[in-house]
Amino acid sequence: MKPEVDKILETTAIQLLTQIAPELPAGYTQGSAGLIGILLGFCANEYENGAELRASENAELRNLLAELEAAVEDVRLCVKLGAVMGERDASLKISDLNYSNAQLKKLLIDVQTYLETRNDDQAKLARREIWAVLKASAKARLVKLPGM
Amino acid sequence: MNDDIAPRLAAYLAKTLGVSAVDVDGLTRISGGASRETYRFAARYYRDGRAYDRRLILRRDPPASLIDTERSAEFRAYKAFHKLGMPVPEPIVLELDNGPLDRPFFIMEEIQHCTVASVIQPDPYGALAPKIGHQFFSTLGRIAKADPDKIGLSDLEGARENSWKHEVDRWEREIDEDEREPQPIARAAIRWLKRNPPPPAQKVCVVHGDYRSGNFLYDAEGNIRAILDWEMTHLGDPLEDLGWAIDPLWSHFNPERPAGLVSREHAIAFWEQASGLKAEPRALFWWEIFASLKGLAIWISAAREYGDGRNADPVNLFSGWYCLAFHNKVLADRLSAVGA
């Protein structure tokens, strides 16, 4: 049997939600069991899509930061942006992807904060580009509830 | 655990009520948020030759709390608004000592034969929505109208001047302390809120702090019987609660009906009529952005509690995952639309 973890989690979630939780006494225990079922459903989706989501987002963030370098006049930030250019994710392990993601987002916060101090057209355009990526990232990370 | 609590609770109540014995029956933990452990039970006793059978709720501090909240403020808010005739359970006793049940707690009456909506349930109110919606937003207006000085709540936490800044600073501190990874959308929201302060508050009022669908009980006829979960109550701007109440997370997936109840126009009109205040659009928009940012701060703290193993309640994991992603999306859409 292939370790089809997403299927295992999905099946377990459905069992919890439809067979086990309804048999428990009403109240906190039953509510928690149902919620754990929903969370297992989230985990199933994360198992299948988590690495792809993070790798794509990291690539988007690197592209964005590379484009933003032209709009940044702050030397310290330019050095940091330059350093990011050649970086790659260490592996497709979730922990490695999360590490890179955190580093990239930290730098993005610095750049966005800097650009908000300027009111010229180049800075405004750069800010719009940042929001476009943040919007897409937030949309991609939305979590679907079962049946919705 | 319930068996352990029951005899101690019975002994405590007997002493507090001044009776020889209290029978605590059916003590059961129910859902009630991650900031307090909530139990339902019956207390039976005799006093002055008369038999009592009271259905009560115990709210006890958990071993680790999601957000540090002031349980005496929560108890006093229940007391003050119950006295005003608002739909609030009668508070019975507050115990701050760890001795009786290991952690502080309070007891209040149970409002029976009622329903509480689940936030993830589409259209929970059905045909009752218009009737409940009118009460929901009018009751919030009445809370805003109440004078904190006259109802004994003038010393609640909060700021009388620039409450917007006090609140942004408070929730920024939560994020500073609890974030497990950088939060670019939350940080951008904080900067926007500080760069674009709202107009001064029309008055200082008691802010419920978590007034939303899912935090009130209603009966089969569509009457709101109890406004619950006052644990984040404080002094502040009346628009803070309105912004939170109409946040999209509580809309039951219907963006046209805040709280899953009535249209935005009706919600604001009911609130304005009951409060005697105005929800000026620019000010309300600021408080709506703040509401989603406050949500993010709470979900970030929930994720921290869960991730650090301090509180493994699945509500914390759900909040730190689903709700956090939801509010990131809301804020990204809204802030990008105003050119933040």
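In the predicted model, the face of helix H5 of chain A that is turned away from its buried side carries the exposed residues A:Asp121, A:Leu125 and A:Arg128. The buried residues of H5(A) are A:Ala126, A:Arg127, A:Ile130, A:Trp131, A:Leu134, A:Ser137 and A:Ala138. These buried residues cover an arc of only 140 degrees around the axis, and they therefore lie on the same side of H5(A). The helix comprises the 20 residues 121-140, for which a rise of 1.5 Å a residue predicts a span of 28 Å, and the 29 Å between its end C-alpha atoms agrees with that expectation. The cover over the buried residues of H5(A) is drawn from both chains, and it includes helix H2 (28-68) and helix H4 (94-115) of chain A as well as helix H5 (184-195) and helix H9 (314-337) of chain B.

The contact between the two chains takes 27 residues from chain A and 27 residues from chain B. On the side of chain A that touches chain B, the elements giving two or more residues are H2, H4 and H5 of chain A, and H2(A) gives the most, with eight residues. By residue class, this side of chain A divides into 16 nonpolar, five polar and six charged residues.

Chain A as a whole has five helices and zero strands, and its elements follow the pattern α-α-α-α-α along the sequence. Its radius of gyration is 21 Å, well over the 15 Å that the globule rule gives for 148 residues, so chain A is more spread out than a compact globule. Taken along the principal axes, the C-alpha atoms of chain A fill a box of roughly 65 × 35 × 20 Å. Of the 148 residues of this chain, 26% count as buried. Among the contacts in chain A that link residues at least 6 apart in sequence, 66% join residues at least 24 apart.

Chain B, by contrast in its composition, has nine helices and nine strands. The radius of gyration of chain B is 20 Å, close to the 20 Å that the globule rule gives for 340 residues, and chain B is therefore as compact as a globular protein of that length. Its C-alpha trace spans about 70 × 45 × 40 Å along the principal axes, and buried residues make up 51% of the 340 residues in the chain. Of the contacts in chain B between residues at least 6 apart in sequence, 70% join residues at least 24 apart.

The largest nonpolar core has 131 residues, and those with the most contacts inside it are B:Leu140, B:Ala189, B:Leu193 and B:Leu293. Helix H8 of chain B, residues 281-307, gives the most to this core, with 15 residues. When residues up to four places away in sequence are left aside, B:Ala189 touches B:Ile289, B:Leu293, B:Leu331 and B:Leu335.

Helix H7 of chain B, residues 264-275, has twelve residues and reaches 16 Å from its first C-alpha to its last, close to the 16 Å expected at 1.5 Å a residue. The buried residues of H7(B) are B:Ala267, B:Ile268, B:Phe270, B:Trp271 and B:Ser275. Seen down the helix axis, these residues fall within an arc of 160 degrees, so they line one face of H7(B). They pack against helix H3 (129-145) and helix H6 (238-245) of chain B. H7(B) is followed by B:Gly276, whose phi is positive, near 75 degrees.

Most residues other than glycine have a negative phi. Two residues in the loop between H6 and H7 of chain B, B:Phe253 and B:Ala259, depart from this tendency. B:Phe253 has a positive phi of about 70 degrees although it is not a glycine, and with 14 C-beta neighbours inside 10 Å it counts as partly exposed. For B:Ala259 the positive phi is near 60 degrees, while this residue is buried, with 26 other C-beta atoms within 10 Å.

Elsewhere in chain B, B:Glu172 is found in helix H4, residues 163-178, where it is partly exposed, with 19 other C-beta atoms within 10 Å. B:Glu172 and B:Arg187 are 15 residues apart in sequence, and their C-alpha atoms are 8.4 Å apart in space.

Note on methods. Residues are numbered from 1 along each chain as its sequence is written. Chains are lettered from A and ligands numbered from 1 in the order in which they are written. This is a predicted model: local features need pLDDT of at least 70, side-chain atom pairs count only at pLDDT 80 or more; totals for chains, interfaces and linings use all residues. Helices (H or I, at least four residues) and strands (E, at least two) are DSSP runs, numbered from the N terminus. The expected span of a helix is 1.5 Å times one less than its number of residues. A residue is buried if 20 or more other C-beta atoms lie within 10 Å of its own, exposed if 12 or fewer, and partly exposed in between; C-beta atoms are placed from the backbone. The arc is that of the directions from the helix axis to the C-beta atoms. Two residues are in contact if their C-beta atoms, placed from the backbone, lie within 7 Å. Ala, Val, Leu, Ile, Met, Phe, Trp, Tyr, Cys and Pro count as nonpolar, Asp, Glu, Lys and Arg as charged, and the others, Gly among them, as polar. A nonpolar core is a set of buried Ala, Val, Leu, Ile, Met, Phe, Trp, Tyr and Cys residues joined through C-beta atoms within 7 Å. The radius of gyration is taken over C-alpha atoms; the globule rule is 2.2 Å times the number of residues to the power 0.38.
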